[in-house]
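Got the viewer open? Here is a short tour, one selection at a time.

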Amino acid sequence: MDDTFALVCQLLLDNKMICSSSNAGAFDYLSVEHQHEKVDQHMGRMGYRVARTHDQNTFYLSYLDASQPHLANRIKSQFRHVVNDLEPIVKWLRLAMSAGATGRPVSPGEIISEIELLASIEHSSAQLQTLVDIASSRFVNSKSKEPKGMLNATINRLCEQGYFVPAGNTGTQYKATGKWSWLYELMTFIQMHMALPDDDEQQNQMELM
Amino acid sequence: MSAEHDAQAAISALYNHRQTIVRAHINDRGTIPDSEDTNAAITALKSHRLVWFHPEDEAAQLNGFLSQLLDHTLRNFRRQMASEIISGILENLQNHLVVDYLEAKKRCLQQDQERLKTEITGCIYDLIDRLIQSVTVFAQYLSSGFTYVSDLELRMRENQRVIRMGEKLNDVIKEFDMEELDHLAGNDEDLRRLLSRTLPRYIERAQTELVNTLHQLTALLNSTREGAKRSRLIGAFERAYANDKGFEPSIDGLVNIPRILNWVQNQTVLPWVNSGDASAELVLAGYCQGLVKAPKTDDEPEGTPVTIEDATELPSLELRPDPIVSAADDLIQCVLIDGLKTTASKSLIASEIDCPMSLWMGVLMNCIHSLSSEKRGRLKVTFIEENDFLYPDNYSVYDIVIGPNL
């Protein structure tokens with residue numbers, strides 16, 4: 001039996017998102033077209049299909065026919081679960097962007113350093129307040145009063161949720177996974193669906209007023 | 001007479017339609033736009049075979065020879081525009097030093113010859129040095145990631161500016177005509193060594209590095225552009241949450257589920273033992289060893305009774321262990337010690353206890369909560385749940401998956 005095929009199927013059925021950061025072997029396997037088709041056919045017999053994010057960074061399992069009423073209800077329920085925790089994650093994205101080395105929103109494959117983030121947060125009261133908000137949210141639920149404890153709890157929670165994997169041997173570096181790609185796509189959909197104005201549109205509205 | 005006439009007519013055609021031709025070469029990559037104004041130019045050039053027609057859209061395209069001629073005339077202009085210092089050194093080298101050196105050599109002016117040779121050598125090494133420096137500067141820009149510019153829009157502008165500078169330098173490097181340098185060196189051994197071997201080698205190396213750096217700078221620009229887009233997206237959500245404290249995205253009214261929402265979650269697949277599989281017999285036998293129970297007798301209750309001594313000096317009570325709690329404890333021990341992974345429903349069937357599922361799940365959770373935090377941490381508990389149809393904030397738990405927390 002093809003071991004990688006079995007591993008890939010198992011990961012997908014365990015609802016894991018497969019990317020080059022979280023599982024390079026499985027990702028490489030699925031990136032080859034005929035192997036992707038093989039897994040897709042196998043999953044198809046169970047009513048699933050292998051989906052991929054637009055930026056090609058992430059594979060995940062989706063329903064073959066999501067229009068069935070019970071699946072649609074389940075998907076809506078899943079959606080509510082995700083959006084329940086969206087606010088602290090959005091705050092985290094902004095915090096990581098302002099405190100991180102690149103100054104850009106976290107992207108798959110990027111390495112974040114807990115030490116660097118902490119150094120920046122400790123020197124900025126605004127960043128510290130954002131961290132307090134995130135750590136005290138239901139999503140992280142940290143009891144720590146120290147920035148280090150709060151940051152650690154937040155990163156651990158994000159690791160649990162599959163957004164980061166530990167990188168290197170120091171225990172203070174983490175690699176962003178492809179789940180961020182999926183989240184950005186989800187947020188883009190929500191933005192369109194809920195008609196949330198972005199910077200330019202907001203400015204235009206202000207000018208009109 | 002005919003050949004002379006044809007050539008003159010071709011040059012006249014070029015002169016008469018010079019504006020159209022030059023515009024096409026500089027602005028439209030050699031394509032002459034099809035319009036009433038350009039019809040005469042296209043017809044005249046076609047009669048001298050100075051244009052060809054693209055097979056897909058029939059657009060008139062300047063002939064290769066004509067493009068080469070125009071390229072040649074624009075070469076000096078490009079050099080000056082691209083990088084004046086390098087261009088100036090090259091100009092000095094090609095048009096003065098080498099020419100003077102060959103003249104001095106021809107006239108056997110030994111002293112001038114030596115001086116010019118030293119100058120040419122210095123000039124070439126200066127050129128090489130500047131080329132290396134210029135390429136290094138772009139590599140430094142790349143390694144900085146332009147993080148010295150904090151605003152992403154301004155960072156993109158800076159990145160674009162550097163790419164344009166790099167492209168200009170690349171234009172200059174491309175303008176180095178190796179054949180011309182080789183021709184200039186003639187038969188002079190020293191000049192050949194410098195102009196035909198050393199300089200071309202460095203030019204080639206610099207160009208390879210520069211092109212590679214430019215590709216990476218372009219990739220960085222795309223990535224920053226993506227970052228800026230995502231930053232705007234994050235900003236839109238920040239504003240939504242700031243403006244409306246109860247903001248919660250909803251898709252309740254959606255009829256068709258879009259691709260991005262279609263993902264599978266909480267569909268844990270649990271393997272179940274195939275007792276008919278002979279190859280698994282040995283493994284199963286090992287698992288079953290610890291599960292053998294003594295037959296129950298009605299007069300001998302299971303478990304050791306616990307005596308409760310009451311400080312109020314009332315008669316002491318004897319509590320018999322609850323079989324449901326005992327079964328739940330046993331199950332948790334199996335998970336902790338043997339690494340068993342199972343569900344509440346399957347374990348309830350296996351334990352043969354007469355107890356409703358809801359009570360069994362409650363007892364299981366109570367037993368788990370009563371464990372020490374170290375033991376609790378070794379367990380992974382997943383609820384199989386769904387939102388209530390009428391009250392979506394409530395969850396109906398159908399089953400519990402219990403296993404070791406690996």
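**Start at the sheet**

Select β1(B) and β3(B): 2 bridges join these strands, which run antiparallel. (Helices, H or I of at least four residues, and strands, E of at least two, are DSSP runs numbered from the N terminus; two strands pair if DSSP finds at least two bridges between them.) Click Ile32(B) and you'll find its bridge partner, Ala60(B), in β3(B).

A word on the setup: this is a predicted model, where local features need pLDDT of at least 70, side-chain atom pairs count only at pLDDT 80 or more, and totals for chains, interfaces and linings use all residues. Residues are numbered from 1 along each chain as its sequence is written, with chains lettered from A and ligands numbered from 1 in the order in which they are written.

Now add β2(B) to see the open sheet of 3 strands, ordered β1-β3-β2 with antiparallel pairing. β1 and β2 of chain B are the edges with a single partner strand each, so one side of each has no neighbour in the sheet.

**On to the helix**

Next, select residues 36–47 of chain B, which is helix α3. Which of its residues are buried? Ala41(B), Ile42(B) and Leu45(B) are (buried means 20 or more other C-beta atoms, placed from the backbone, within 10 Å of a residue's own; exposed means 12 or fewer). Look down the axis of α3(B): the buried residues fall within an arc of 100° (taken from the directions from axis to C-beta atoms), so they line one face. Rotate to the face turned away, and there are the exposed Glu36(B) and Asn39(B).

Last stop: Arg49(B), which follows α3(B) and has a positive phi, near 55°.

Definitions and conventions:
The expected span of a helix is 1.5 Å times one less than its number of residues.
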